[in-house]
Number of protein chains: 2
Amino acid sequence: MSVSGKIASIKDVALAAGVSVATVSRVLSNGPVSDALRKRVEDAVRATGYRPNLSARRLRSQHSQTIGLVVSDIRNPFFTAVSRAVEDAAYRAGMRVILCNSDENPEREELYLRLMQEERITGLIFAPTRAMLDRLDGLDLDFPVVLIDRNAPTGRHDAVVLDNPRAAALLVEHLHAQGYRRIAGLFGNTSTTGQERHEGYQAAMTVRGLTPAARFLAPHADAAEAAVVEWMGQRDRPEAFIVSNSLFLMGVVKAARRLKLTIPDGIAVAGFDNEPWTELVGPGLTVIEQPVQDIGQSAMALLFERLEAPDRPSRRLVLGGTCVVRGSTAARMADAD
Amino acid sequence: MSVSGKIASIKDVALAAGVSVATVSRVLSNGPVSDALRKRVEDAVRATGYRPNLSARRLRSQHSQTIGLVVSDIRNPFFTAVSRAVEDAAYRAGMRVILCNSDENPEREELYLRLMQEERITGLIFAPTRAMLDRLDGLDLDFPVVLIDRNAPTGRHDAVVLDNPRAAALLVEHLHAQGYRRIAGLFGNTSTTGQERHEGYQAAMTVRGLTPAARFLAPHADAAEAAVVEWMGQRDRPEAFIVSNSLFLMGVVKAARRLKLTIPDGIAVAGFDNEPWTELVGPGLTVIEQPVQDIGQSAMALLFERLEAPDRPSRRLVLGGTCVVRGSTAARMADAD
DNA sequence: CTGAAAGCGCTTACAG
DNA sequence: CTGAAAGCGCTTACAG
């Protein structure tokens, strides 16, 4: 136990064991040490309550064993889940993670990128804004970066993303098969994700001879609620909505309630992501489930591969989503318009 | 720009500026330096793309500017929100935070406590398991700790917690006023939180001449669902449930669905916490809202106060919750029972 | 197998 | 105001 207040250093241990600090260091790193000395050192470690100083270790060994994780907001359940997966993988690999929330603000992203440099991180897992995505290739950072969730097809960085166009197309496909025709779309306007999902929506609508009708909104439930309320007041009101994130999902549900429309008869809805509560709302909400666990783990895996082979061409891992069908997209009544 | 691959050190800057490293250091820390030299150093910093090495700085200055945060699971929305508040407060104060998930596992808690020592953190914000709570006073850690969410009344550490008994009593009070009498309770069995909420429930029931009927469950939706299904099959089935966390809330809703009971006529429910989706489920769920922002900020504040006055007696900050009334506890039909 | 010594990149008395 | 030097707590060649 440290009684003195100050925590014991390797020197204290060496003194207590009657050996050199080099020997203590070797015992701690499982180096070649005689059994006799090893035992004495181990006893001394216990006696002094010694804990290695990671700052010193990092400085000397020149690697931080730290990975950076910059997301827009940890309160977004998608990022909550991904970051949990990243952290688990990191701690399993003996690494630490530094988490930062950019709030979709490019200036904060820049600030945190600087912080990452000062921490001498081993690598970065990053969900950038569109603005940052444009500048990212120009920056010269001292660590590899793996993009998650957002990504430019032309970028030079490794990335693991959902197959967003395909996922959105899945929703169109499903709604179409259920008898819906006037299918409107709400997409987030701050990330590439919203764009890509819109592209998939657009293509899948067109290929079926349906007319796409999309709006891009700031990622808030209120924005979606207002848009839906207004939209449903017009002629040719949509029969169904496809929305690109769970905040919009909430917005649609709120709008339905305000307009006294039942789901799905008055208004059908499908979207992202499969959060626990989507099962409980109304008749259950049809959603795309992302492989969040896989995304986090794969990002870590890509990072490790990159560290092993710094010069290999970049890779993009595109993961498929699953369509979880629930009552919010039940087959459309025959009598409908 | 660092072209060499290796990031520039303070020595490189000194060389480029034609000054000593001491002068560079002084410029960086806004120490007393002549304008002429300051300018030369600033230019050299830019030219070399210099970024201070935080490991070196921490080692030398002997403080890590780091606070630890150990919670059970960041995916629990309560902890998501609190940790976001903690991180914001920390970064604002120029500190970093290391986040760890214990998964309610005392062994992992111990592991992370050790990690915190190795990081030489400035202080810890900690939501411990009950098992850890018992041993915590015996440990001699080299940093102050502020407990959040969970806490033993006899403990020697600072803490910020919800007034759990009062919050649970609020729910009983409300249900009673709405005409409910047979009010059952489901409480988590891993934390002190569940215990305290049970106490409040018990007391509030007794004082109103009602019979408490409580069960303690592992914190999973499934456990709650099963318990409710079974309970509702018995004679004297409860009219309402009070539950101590949002997973149980989900469980009750699922059970209601399975039993084809409407909320609140067939089964009323109220609980913790006020997550965004609770408004959208069924007729809306009546819940206690915790001041999550305040909890995170206050924990940081208590930590800073403790650092300034290490010997001051410990403090507990007990914050009140708000009862958010929704349809799940609408007034009970007169004909009932 | 073991120890003395150098050095990672900083900050901070100590002189001048 | 400025610089030379010591030292934070480690690891790792280098000798022996």
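This is a short dialogue on reading some features of a predicted model with chains A and B.

User: What is the strand order of the open sheet in chain A, and which strands are at its edges?

Analyst: A sheet is read by listing its strands in the order in which they pair. In this predicted model, chain A has an open sheet of 6 strands in the order 2-1-3-4-5-11, with parallel pairing. Strand 2 (96-101) and strand 11 (316-319) of chain A are the edge strands, as each pairs on one side only. On average, neighbouring strands of this sheet are turned by 15 degrees against each other, direction ignored.

User: Over how many bridges do strand 1 and strand 2 of chain A pair?

Analyst: Strand 1 (residues 66-71) of chain A pairs with strand 2 of chain A over 6 bridges, in the parallel sense. Taking one residue, A:V70 has A:C100 in strand 2 of chain A as its bridge partner.

User: Which strands does helix 12 of chain A lie across?

Analyst: Helix 12 (residues 292-308) of chain A lies across strands 1, 3, 4, 5 and 11 of chain A, and runs at about 165 degrees to strand 5 of chain A.

User: What does UniProt place at residues 8-61 of chain A?

Analyst: An annotation can be set beside the computed secondary structure. The unreviewed UniProt entry places "domain: HTH lacI-type" at residues 8-61 of chain A. That stretch of chain A is 70% helix and 0% strand, with its end C-alpha atoms 20 Å apart.

User: How many residues does each chain give to the contact, and which element of chain A gives the most?

Analyst: An interface can be read by residue count, by element and by class. Chain A and chain B give 35 residues each. On the side of chain A that touches chain B, helix 4 of chain A gives the most, with 5 residues. Other elements of chain A that supply at least two residues include helix 5 (77-92) and helix 11 (246-258). By class, this side of chain A has 16 nonpolar, 7 polar and 12 charged residues.

User: Which members of the largest nonpolar core touch the most others?

Analyst: The largest nonpolar core has 170 residues, and A:V252, A:V269, B:V252 and B:V269 touch the most other members. Leaving out residues up to four places away in sequence, A:V252 touches A:A224, A:V228, A:F241, A:V243 and A:V269. Another core, of 11 residues, lies apart from the largest one and has B:A8 and B:Y50 among its members.

User: Why does B:P313 count as exposed?

Analyst: B:P313 counts as exposed because it has 7 C-beta neighbours inside 10 Å, and the cut-off for exposed is 12 or fewer. B:P313 is in the loop between helix 12 (292-308) and strand 11 (316-319) of chain B.

Definitions and conventions:
Residues are numbered from 1 along each chain as its sequence is written. Chains are lettered from A and ligands numbered from 1 in the order in which they are written. This is a predicted model: local features need pLDDT of at least 70, side-chain atom pairs count only at pLDDT 80 or more; totals for chains, interfaces and linings use all residues. Two strands pair if DSSP finds at least two bridges between them. Helices (H or I, at least four residues) and strands (E, at least two) are DSSP runs, numbered from the N terminus. Axes are lines fitted to C-alpha atoms, for helices over the stretch in contact, and angles run from 0 to 180 degrees between N-to-C directions. Two residues are in contact if their C-beta atoms, placed from the backbone, lie within 7 Å. UniProt positions are given in the numbering used here, feature names are shortened, and annotations may be inferred rather than shown by experiment. Ala, Val, Leu, Ile, Met, Phe, Trp, Tyr, Cys and Pro count as nonpolar, Asp, Glu, Lys and Arg as charged, and the others, Gly among them, as polar. A nonpolar core is a set of buried Ala, Val, Leu, Ile, Met, Phe, Trp, Tyr and Cys residues joined through C-beta atoms within 7 Å. A residue is buried if 20 or more other C-beta atoms lie within 10 Å of its own, exposed if 12 or fewer, and partly exposed in between; C-beta atoms are placed from the backbone.
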